[in-house]
Amino acid sequence: MQVSSLNEVKIYSLSCGKSLPEWLSDRKKRALQKKDVDVRRRIELIQDFEMPTVCTTIKVSKDGQYILATGTYKPRVRCYDTYQLSLKFERCLDSEVVTFETLSDDYSKIVFLHNDRYIEFHSQSGFYYKTRIPKFGRDFSYHYPSCDLYFVGASSEVYRLNLEQGRYLNPLQTDAAENNVCDINSVHGLFATGTIEGRVECWDPRTRSRVGLLDCALSSVTADSEINSLPTISALKFNGALTMAVGTSTGQGKIFTSLEPEHDINDVCLYPNSGMLLTANETPKMGIYYIPVLGPAPRWCSFLDNLTEELEENPESTVYDDYKFVTKKDLENLGLTHLIGSPFLRAYMHGFFMDIRLYHKVKLMVNPFAYEEYRKDKIRQKIEETRAQRVQLKKLPKVNKELALKLIEEEEEKQKSTWKKKVKSLPNILTDDRFKVMFENPDFQVDEESEEFRLLNPLVSKISEKRKKKLRLLEQQELHEKEEEEEPEGKPSDAESSESSDDEKDWVEEVRKQRRLLHQEEKVKRQEQLREDRQTVLKPQFYEIKAGEEFRSFKDSATKQKLMNKTLEDRLKLEAKNGTLSISDTTVGSKQLTFTLKRSEQQKKQQEAEKLHRQERKTLRRSAGHLKSRHRRGRPFH
């Protein structure tokens, strides 16, 4: 697919590329598609969208389902179905077609205007009727309310053929010598014709009188315009009730964009309500262009929108293999400014295209030292290739650099493994926002000197040493590349080649080694602690006793601590021995535990004093009762 741009309007050519002959077998076509890249990359929207020799006219049916085209040789009409993307039927004609029109929504009613003054009517089944007009015709339009066909051509009269009555009506007499084109407004039915003198005459079909005259040639010619002949009206089309577009033979007007195919254009047709443009060319292949600015792609090829969006996201420079693009400054350096305007230079945008062979010949003549430049370019390319074999610099975070390097290496190994087999890809921690703080906040720095880290990862120390060496190499390489840009690569050092032997140590030996190192470090710490204890002077410490408690000795706290260190079973046995615990069986076969709270010494003294007090009161009550009994008996007191 070829892409061109003019006035920032992109035009996608969908018909460019090589076409395969019809007489080739399917097997040979498939073989060519495998070998030839241009054949494989071409886009074929509609199958066999071409004519035997030349295509003269092309139009689209009103329902948008059928594309009809006429051409030679032999004169014929072909109908293509957009729903099937292939040829629906083909009919041969007696003479070449000037233009044609579909009277129905589909292809069931077609009118052809031939170059031998014949008008041919076709129905869905084929040929229906043929008649002739007095003068050679150039264009015609159909008036639906009155069923009249209006023909214009090499005459000042506009011929009218009524299809309901089947006869000619009185013609319309214009002021022009000849009429080129005509059109009827579908809203209010106004008929307009473009003359050879550059005027547009408007007629009312109801009254058969002229209602307006527009001199387009006089208004289009200004003092700045350069024309060699009088502009004639070559195109005419209504757009709505109040808008009309007029085209002149000299190309007067503001250019929106332009197409420049390899061959001349005979007819142009815009697909309704879309940005697709169909052209009939002086070549067997018919042109298909897509302009996204004009509108979306048709419904039967809606994938073009996605295709063009992808091309706009990844733009590619246009390259011509046989031509070289040069600017005016390049021509001055080569001494070829005298070729401007000649067939050797083709103007394009801000420069010119010239034959690549001519460019090389002139450059060798102007610059005989081109071989030295070529040699330097090759040496520079070799240096770039050797640089690509180096270790690529990676941007590492400020925190946990070794962990980031480990994750990068694992990701590279995972990518290499995905080429061989399909592995489910997992998210990378470095690119995950949830773990972003771990590589930014220093509080999350991994402590590799801790006991847990060294015991759980005994081989991490060796691997980390490799990564530290790699980090140092990366830093040295970065400094080296800044100092020397064109120095060739050296051989790898022996230290790098011997690193692979470190990974062959056994896991158990490494764990034992780490444990020995930890014991030695603990021994050194204990010795240092003893030295510090000997040097320090002990001072008396005072403790405060809580209210309601009595101090006995430090042995009680020691015994309490020992009791807390014992198991539950040992404590239960001790409680049962002291009498504070009693175990009894219940009726259902389970065990019942009863605990007696242990009383303090103060509570014991208080209980003994209460007991002594109760005994004294009891003796006093007994003695008082004895005295009362003697008094009743009349015994005196002593």
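The exercises below work through salt bridges, strand pairing and backbone geometry in a predicted model.

Residues are numbered from 1 along each chain as its sequence is written, and side-chain values use heavy atoms, with hydrogens and water left out. Because the model is predicted, local features need pLDDT of at least 70 and side-chain atom pairs count only at pLDDT 80 or more, while totals for chains, interfaces and linings use all residues.

**Exercise 1. Salt bridges**

Task: State how many salt bridges the structure holds, and describe the surroundings of the pairs Glu 201–Arg 210 and Arg 206–Asp 204.

Solution:

Step 1. A salt bridge is a side-chain nitrogen of Lys or Arg within 4 Å of a carboxyl oxygen of Asp or Glu. The structure holds 10 of them.

Step 2. Glu 201 and Arg 210 form a salt bridge with an N to O distance of 3.5 Å. For accessibility, buried means under 20% relative accessible area, exposed over 50%, and partly exposed in between (1.4 Å probe, protein chains only). Glu 201 is at 2% and therefore counts as buried, whereas Arg 210, at 36%, counts as partly exposed.

Step 3. In the salt bridge of Arg 206 with Asp 204, the closest N and O atoms are 3.2 Å apart. Arg 206 has 70% relative accessibility, so this residue is exposed. Asp 204 has 15% and is buried.

**Exercise 2. A salt bridge within a helix**

Task: Find where the partners Asp 377 and Arg 380 lie and whether each is buried, partly exposed or exposed.

Solution:

Step 1. The two side chains meet at 2.9 Å, N to O, in a salt bridge.

Step 2. Helices (H or I, at least four residues) and strands (E, at least two) are DSSP runs, numbered from the N terminus. Both Asp 377 and Arg 380 belong to helix 7 (residues 370–388), where they are 3 residues apart, about one turn of the helix.

Step 3. Asp 377 is partly exposed at 37% relative accessibility, and Arg 380 is partly exposed at 43%.

Step 4. Elsewhere, Arg 76, Arg 78 and Glu 90 are joined into one network by salt bridges that share partners.

**Exercise 3. A sheet and its helix**

Task: Give the strand order of the open sheet that holds strands 24, 25 and 26, and place helix 6 against the sheet.

Solution:

Step 1. Two strands pair if DSSP finds at least two bridges between them. The 3 strands follow the order 24-26-25, with antiparallel pairing.

Step 2. Strand 24 (323–327) and strand 25 (345–348) are the edge strands, each pairing on one side only.

Step 3. Angles use axes fitted as lines to C-alpha atoms, for helices over the stretch in contact, and run from 0 to 180 degrees between N-to-C directions. On average, neighbouring strands of this sheet are turned by 35 degrees against each other, direction ignored.

Step 4. Strand 24 and strand 26 (residues 351–355) run antiparallel and are joined by 5 bridges. Thr 327 has Gly 351 of strand 26 as its bridge partner.

Step 5. Contact means heavy atoms within 4.5 Å. Helix 6 (residues 356–366) packs on the sheet and touches strand 24 and strand 26, and its direction makes about 90 degrees with that of strand 26.

**Exercise 4. An enclosed strand**

Task: Explain why strand 22 is described as largely enclosed, and name its pairing partners.

Solution:

Step 1. In strand 22 (residues 276–281), 6 of the 6 residues are buried, so the strand is largely enclosed by the rest of the structure.

Step 2. Both faces are covered: one side has the buried residues Met 276, Leu 278 and Ala 280, and the other has Leu 277, Thr 279 and Asn 281, also buried.

Step 3. Strand 21 (residues 265–270) runs antiparallel to strand 22 and is joined to it by 5 bridges. Leu 270 stands opposite Leu 277.

Step 4. Strand 23 (residues 287–290) also pairs with strand 22 in the antiparallel sense, over 4 bridges. Here Leu 278 stands opposite Ile 288, and the two strands form a hairpin with 5 residues between them.

**Exercise 5. Backbone geometry in loops**

Task: Locate the cis peptide bonds around Tyr 73 and describe the positive phi values of Cys 147 and Asn 273.

Solution:

Step 1. A cis peptide bond with omega about -5 degrees links Thr 72 to Tyr 73. Another, with omega about 5 degrees, links Tyr 73 to Lys 74.

Step 2. Tyr 73 lies in the loop between strand 4 (66–72) and strand 5 (76–81).

Step 3. Cys 147 has a positive phi near 60 degrees. This residue sits in the loop between strand 11 (137–143) and strand 12 (148–153) and is partly exposed at 21%.

Step 4. Asn 273 takes a positive phi near 55 degrees in the hairpin of strand 21 and strand 22, which has 5 residues between the strands. At 78% relative accessibility, Asn 273 is exposed.
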